[in-house]
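This briefing covers salt bridges, nonpolar cores and strand environments in one protein model. Please consult the sequence and the structure shown below alongside the points that follow.

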Amino acid sequence: MDIDSLTIDQVRDGLRARKFSSVELTTEALRFAAAENSKTNAYITFSEDRALGAARRVDEKLARGEDPGSLGGVPVAVKDVMVTKGVRTTCGSKLLAHYIPPYDATAVERLENAGGIILGKTNCDEFAMGSSNENSAYGPVRNPHALDRVPGGSSGGSAAAVAQGTAVVALGSDTGGSVRQPASFCGVVGVTPTYGRVSRYGLTAFASSLDHIGPLARSVRDAARLLGVVAGRDPLDSTSAEAPVPDYLAHLTGDVKGLKLGLPREYLKDLTSETGALIAKAVDKLKKLGCEVHDISLPATDYAIASYYIIATAEASSNLARYDGVRYTFRSRSSDSLSDMYRNTRGEGFGAECKRRIMLGTYVLSSGYYDAYYLKAQKVRSLIARDFANAFAQVDAIVAPVSPYPAFKIGEKVDDPMSMYLSDIYTITGDLAGIPCMSVPCGKTAGGLPVGMQILARHFDEQRMFRLADAFERASGAN
């Protein structure tokens with residue numbers, strides 16, 4: 001079997017036709033993933049026992065003539081910020097190197113209930129803080145398309161696993177672009193659903209008002225199917241939405257004639273690299289499919305970076321306060337007092353990027369600066385959301401780049417945090433507004449580096465977003 005190119009439908013059809021059993025497929029997938037991991041470092045932990053146990057349950061259902069689920073037998077990877085019962089969850093940090101959770105995240109539970117086979121936990125920037133996957137305590141992830149380049153972050157491990165073929169689909173998390181940017185850099189599909197569409201229960205918190213769980217896949221169809229599995233109201237998460245989950249696959253008709261698309265001037269004005277040329281070609285393709293393209297303005301975009309890095313770091317400083325050496329695994333041994341234990345545990349356990357964001361977040365929340373920074377950033381966030389609401393009164397969806405440039409070299413930006421933060425300039429607005437957005441591959445540079453096109457839609461209008469992405473994918477001759 002061509003393990004590195006399987007789709008969900010091919011797995012389901014192969015199992016039904018008895019071409020292979022779920023245990024056989026899982027065994028081969030685990031072998032292949034382990035063998036390839038030395039190239040990319042995409043996985044931190046493999047869950048062999050759990051995967052084979054789930055595969056046996058799928059085979060038993062098939063033997064009884066039962067439906068094994070919409071993901072029955074499909075090898076899946078999960079970003080290591082989602083807790084998995086009995087399987088190590090590190091969040092890419094030294095602090096949680098030996099943490100074994102006592103429960104599953106809701107998204108993980110729904111994956112397995114649908115028959116998905118979780119092969120392992122993927123590498124990520126520490127506590128999902130980063131745009132390159134160079135901030136993991138377990139080493140950087142390498143881009144399968146160019147091993148000297150980053151896969152994007154913070155869900156770089158999940159994106160690399162899907163691009164490499166060591167998982168059919170994967171789950172990542174997105175706070176400021178951490179699903180879409182890695183998807184763009186690795187040439188796969190990445191989806192950030194509407195805030196509240198997928199339960200955050202069991203997702204280790206970075207910035208609670210911005211965090212999303214989203215799928216990565218090699219096709220729009222597989223991404224849509226995976227989102228349909230994990231989406232929906234969860235009583236364990238008060239921020240999960242009551243909105244019904246449509247049948248996303250039913251909307252993949254290929255017909256987008258008459259759809260009105262917005263091109264935001266602020267996203268395109270300084271885009272002079274090969275990325276800009278590829279986005280322009282993608283827009284031309286959408287026009288040929290019958291879409292109407294209109295220039296639009298999102299004027300608050302210029303303030304998005306500043307707003308995001310105030311709100312996100314403020315929430316991070318609060319969320320990461322729990323890692324103090326008392327309740328979790330790592331504790332500094334060189335301490336003579338309780339205050340020393342706190343200080344030394346956090347000093348030894350957190351990496352440089354986490355420390356930077358904690359310090360910045362604590363500063364903007366401190367007395368005398370809360371109104372000047374945090375409150376003002378929240379007002380700007382409202383302006384960004386209003387910009388999108390005004391735009392969607394005129395257009396059905398927005399098309400934009402994902403990143404100003406393709407994957408950069410490992411180490412190229414690690415000493416320049418501001419340059420690294422600016423790589424998220426086109427993705428953070430969607431998270432601040434809480435709208436659904438995704439990256440779909442739109443070509444490669446002359447050097448063979450993938451580039452993604454971003455599609456943004458109204459709240460809970462993922463089906464229209466998928467329909468547009470699927471039509472573009474078909475027209476591009478992919479999948």
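Why is strand β4 (residues 169-174) largely enclosed by the rest of the structure? In this predicted model, six of the six residues of β4 are buried, so the strand is largely enclosed by its surroundings in the structure. The points below set out the environment of β4, then the nonpolar cores, the surroundings of S439 and the salt bridges.

**Strand β4 and its partners**

- In a regular strand, side chains point alternately to one face of the sheet and to the other.
- On one side of β4 lie V169, L171 and S173, on the other A170, G172 and D174, and all of these residues are buried, so that both faces are covered.
- Strand β4 pairs with β2 in the parallel sense through three bridges, and A77 stands opposite A170 of β4.
- Strand β6 (residues 212-217) runs antiparallel to β4, and six bridges join the two.
- Within β6, H212 is the bridge partner of D174.

**Nonpolar cores**

- The largest nonpolar core comprises 141 residues, and F127, F388, M453, F466 and L468 are those with the most contacts inside it.
- Helix α10 (residues 304-319) contributes the most to this core, namely nine residues.
- With its neighbours within four places in sequence left aside, F127 is in contact with ten residues' worth of surroundings including C91, L95, F206, Y323 and F350.
- A second core, separate from the largest one, has five residues, among them V150, A407, F408 and M420.

**Surroundings of S439**

- S439 belongs to strand β10 (residues 437-444).
- The relative accessibility of S439 is 0%, so this residue counts as buried.
- Apart from neighbours within four places in sequence, the contacts of S439 include R180, A183, S184, V402 and G452.
- M453 is also one of the residues in contact with S439, and M453 is listed among the residues with the most contacts inside the largest nonpolar core.

**Salt bridges**

- Side chains of opposite charge can pair when their charged atoms come close.
- A search of the whole structure yields 21 salt bridges.
- E36 and K39 form a salt bridge with an N to O distance of 3.2 Å; both residues lie in helix α2 (residues 22-40), three residues apart, which is about one turn of the helix.
- E36 has a relative accessible area of 16% and is therefore buried, whereas K39, at 42%, counts as partly exposed.
- R50 and D104 meet through their side chains in a salt bridge of 3.0 Å, N to O.
- This pair links distant parts of the chain, since R50 is in helix α3 (residues 48-63) and D104 is in the loop between β2 (75-79) and α4 (106-113), 54 residues apart.
- R50 is buried at a relative accessible area of 16%, and D104 counts as buried at 16% relative accessibility.
- The side chains of R474 and D470 form a salt bridge at 2.9 Å, N to O.
- R474 and D470 are four residues apart in helix α16 (residues 462-476), so about one helical turn separates them.
- R474 is partly exposed, with a relative accessible area of 45%, while D470 counts as buried at 5% relative accessibility.
- D9, R221 and R225 are joined into one network by salt bridges that share partners.

Conventions:
Residues are numbered from 1 along each chain as its sequence is written. This is a predicted model: local features need pLDDT of at least 70, side-chain atom pairs count only at pLDDT 80 or more; totals for chains, interfaces and linings use all residues. Side-chain values use heavy atoms; hydrogens and water are left out. A salt bridge is a side-chain nitrogen of Lys or Arg within 4 Å of a carboxyl oxygen of Asp or Glu. Buried means under 20% relative accessible area, exposed over 50%, partly exposed in between (1.4 Å probe, protein chains only). A nonpolar core is a set of buried Ala, Val, Leu, Ile, Met, Phe, Trp, Tyr and Cys residues joined through side-chain atoms within 4.5 Å. Contact means heavy atoms within 4.5 Å. Two strands pair if DSSP finds at least two bridges between them.
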